[in-house]
Structures are given as C-alpha cells and as structure tokens.
Amino acid sequence: MIHVVLYEPEIPQNTGNIMRTCAAAGATLHLIEPLGFILDEKRVKRSVMDYSEDLEVIRHVDWQAFVNQTKGPMFFLTRYGEYTHSDFDYASIDQDIYLVFGKESTGIPKDILKANYDRCFRIPMAPSARSMNLSNTVAICVFEVLRQKEYDGLSRVEVQKGKDFLKDYQ
C-alpha cells in the first residue's frame, strides 16, 4: 500500500487536492501536526469533493509519533535529492511504501533529510525553478509508484458511466 505523508502542511487547498488524489489512488494519507489550517475547513472540503468517504486519513501529533508506527521504507521529496522520483524500484518492495512531503514554505526539516539521504529524491525540473506545487508533486510521485506496480488494484476502465460510454455516445 502507498502512504502519503504530509509534514506540517500549511495550505488547505493543497491538502484537499492531495486527499482527492489519495482517494483515487487507494493511498492512505498521514498528516503530521501541527497543521496550518483546520481540517474540516470549507476550502479543504471543496478540494476533496465527495471523495472523503473513500479515504483513510491518519493524524500524528508529531514526526516521532509517526515514525514510531511506520512499518515500511520511507522516501523523501526534496529539492536537495540526488535521485529522481523514478529512480527507485518500487515494484520490488513488498512492504508498505511511505512517500514523505514537506510543508509548503520550508519542506522537510534538513536533519530528517540528512538522516535519510539515500532515500531522498527530486522531480526533475528547469534549473531556474525551486519547487512545484505540493499537490502536483504528490500526484506525480504516487502515480510513478503505481505505474511501477502496474496500477495494482486500480480500474483501467470507466466504472461510473460504463466501459463503452464514449463508443456508444451519440
């Protein structure tokens, strides 16, 4: 299973969008407190839409509380990573995979990154860019793991309107 970990997220709309991505991907979302907003805030709910019923969200009082319950390898998104998000062989991992993302303003604390340097990665981008939107980076990384695992457990056809909806559309 994929776990998305947000270290002290600050922007409610990003978290709402990430919640929607996690629901669509079948991933569990972990929120490391403190949060920069109230979780049931209108801006979060608008972004997540009606997907909250398909989503598992686990809150942790701090980083250490999260680490104490983690049972699988963690990978850390940082602009300082020397690997790319697609360099790791996620398909060979038979345990839960934790993708850790930092807060929008400062990222993941540098001491955490340094202690996990061999599992730090970045998304390649233009040299003049410092960062990308957090919710976009989560989607890119989650779906890279899913791609490597051949989208295990995800539908490859339209379910709500039917597989042949477009072919039969008039």
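Glu144 and Arg147 both belong to helix H5, 3 residues apart, or about one turn of the helix. Helices are DSSP runs of H or I with at least four residues, strands are runs of E with at least two, and both are numbered from the N terminus. An α-helix has 3.6 residues a turn, so residues three or four places apart point the same way. The side chains of Glu144 and Arg147 meet in a salt bridge of 2.8 Å, N to O. The term denotes a side-chain nitrogen of Lys or Arg within 4 Å of a carboxyl oxygen of Asp or Glu.

The model is a predicted one, in which local features need pLDDT of at least 70 and side-chain atom pairs count only at pLDDT 80 or more, while totals for chains, interfaces and linings use all residues. Residues are numbered from 1 along each chain as its sequence is written, and side-chain values use heavy atoms, with hydrogens and water left out.

A search of the whole structure finds 4 salt bridges. Three of them are tabulated here, including the pair in helix H5. Burial is classed by relative accessible area: buried is under 20%, exposed is over 50%, and partly exposed lies in between (1.4 Å probe, protein chains only).

| Acidic residue, relative accessibility | Basic residue, relative accessibility | N to O distance |
|---|---|---|
| Glu33, 21% | Arg59, 45% | 2.8 Å |
| Glu144, 10% | Arg147, 43% | 2.8 Å |
| Asp164, 31% | Lys167, 67% | 3.2 Å |

The salt bridge between Glu33 and Arg59 links distant parts of the chain, 26 residues apart: Glu33 is in the loop between strand S2 (28–32) and helix H2 (42–48), and Arg59 is in strand S3 (residues 56–60).

Helix H5 spans residues 134–148 and includes Gln148. Gln148 is buried, because its relative accessible area is 16%. Leaving aside neighbours within four places in sequence, Gln148 is in contact (heavy atoms within 4.5 Å) with Ser86, Phe88, Asp89, Tyr90 and Ala91.

Gln64 lies in helix H3 (residues 63–69) and is partly exposed at 44% relative accessibility. Its C-alpha atom is 9.4 Å from that of Ile32, although the two residues are 32 apart in sequence.

Helix H1 (residues 12–25) has 14 residues; at 1.5 Å a residue it should span 20 Å, which agrees with the 20 Å between its end C-alpha atoms. That expected span is 1.5 Å times one less than the number of residues. H1 is mostly covered, with 10 of its 14 residues buried, among them Pro12, Ile18, Met19 and Cys22. Just after H1, Gly26 adopts a positive phi of about 75°.
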